[in-house]
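Take a look at the protein below. This report goes from the whole chain to single residues.

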Amino acid sequence: MATQLEVGGLQVEVFDEAIAGHRRIVSDVSFALAPGQGLGITGESGSGKTTLSLALSGLLPQAARISAKKIAIPMSPRLGNGSIRLDLPTTSRLDSLFRSLRGHHAFTLFQEPRASLNPYRTIGWQLNRCTGRASGASERLTTHHSPLTALSEVGLDPDVMRHYPHELSTGMCQRVFLAMASLLGASILIADEPFASVDLETQDRLSALVR
């Protein structure tokens, strides 16, 4: 079966001042994710779930070290043909690789979306930024969606475009993030307990949108 993302022996180490060296906090994680498949990773608090999601999103601090025996990621049409395959015990390219895929290939939903949105920009500006239409964007991205279409897909009114993140509920901000993922054409959605801070009814609606 074709895979959307295959990881073998992924490890994460961070610098620990107490021992004046690196300490391993994620050890030997392996999984394969098929297109259209959902994969749930469970574990007690502090077991490394968020660290793993940050590693796959390319959002770990530069002092962190990521290594893996195998990484296989089919490339999206935006990034080129073929696939990326790394079959090395360790590689310094992993952190930059994951950063390069962030957004257009892999998109992360965080538990507190409002903290990840720009508080000084309207939702409309931030959605337009995803398509390269906002001022300061270096290039226009090819997209089959408009911000208004993306908002409609997640059940938000066009009026949301003129609002700032603090004017929206947590559930609405999560919907904005799902709209961004749609605009960017991400093929992998990494969700780090994204619905823990919303009520059960909203959880059900957002889970349906993710599926």
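## Overall picture

Of the 211 residues of the protein, 42% count as buried. The model is predicted. Its accessible surface comes to about 11,600 Å². Carbon and sulfur atoms hold 50% of that surface.

The protein has six helices and seven strands. Along the sequence they follow the pattern β-β-α-β-β-β-α-β-α-α-α-β-α. Contacts also link distant parts of the chain. Take the contacts in the protein with a separation of 6 or more: residues 24 or more positions apart account for 64% of them.

## Strand β1 and its partners

Strand β1 covers residues 5-16. This strand is mostly covered, with nine of its twelve residues buried. Two pairings of β1 are described here, one with β2 and one with β3.

Strand β2 spans residues 21-33. It runs antiparallel to β1, and nine bridges join the two. Two of the bridge partners can be named. E6 is matched with A32 in β2. V12 has V26 in β2 as its bridge partner. Together β1 and β2 form a hairpin, with four residues between them. In that turn, A20 has a positive phi of about 55°.

Strand β3 takes in residues 65-67. It pairs with β1 over three bridges, again in the antiparallel sense. Here the bridge partner of E13 is R65 in β3.

## A closer look at E13

E13 is found in strand β1. What does E13 touch, leaving aside its neighbours within four places in sequence? The contacts are H22, R23, R24, A63, A64 and R65. H22, R23 and R24 fall within the span of β2, residues 21-33. R65 is also the bridge partner of E13 in β3.

E13 and S27 are 14 residues apart along the chain. Their C-alpha atoms are separated by 8.7 Å.

## T51 in helix α1

Helix α1 runs over residues 49-57, and T51 lies in it. Is T51 buried or exposed? T51 counts as buried because its relative accessibility is 18%, and buried means under 20%.

Which residues does T51 contact, leaving aside neighbours within four places in sequence? They are V12, I25, V26 and L60. Two of these, V12 and V26, are bridge partners of each other. V12 belongs to β1, residues 5-16. V26 sits in β2.

## Helix α3 and its buried face

Helix α3 is made of residues 123-130. Its buried residues are I123, G124, Q126, L127 and C130. Seen down the axis of α3, these residues fall within an arc of 165°, so they line one face of the helix.

What do the buried residues of α3 pack against? They pack against two helices, α4 (147-153) and α5 (170-184).

## Rings and charges

W125 lies within the span of α3, residues 123-130. The charged end of R121 sits over the ring of W125. The distance to the centre of that ring is 4.2 Å.

How many aromatic pairs does a search of the whole structure find? The search finds one.

Key:
Residues are numbered from 1 along each chain as its sequence is written. This is a predicted model: local features need pLDDT of at least 70, side-chain atom pairs count only at pLDDT 80 or more; totals for chains, interfaces and linings use all residues. Side-chain values use heavy atoms; hydrogens and water are left out. Buried means under 20% relative accessible area, exposed over 50%, partly exposed in between (1.4 Å probe, protein chains only). The arc is that of the directions from the helix axis to the C-beta atoms. Contact means heavy atoms within 4.5 Å. Two strands pair if DSSP finds at least two bridges between them. Rings of Phe, Tyr and Trp (its six-membered ring) pair if their centres lie within 6.5 Å; planes under 30 degrees apart count as stacked, over 60 as edge-to-face and the rest as tilted. A charge sits over a ring if NZ of Lys or CZ of Arg is within 6 Å of the ring centre and within 35 degrees of the ring normal. Accessible areas come from the Shrake-Rupley method with a 1.4 Å probe; for residues, only the protein chains shown count as cover.
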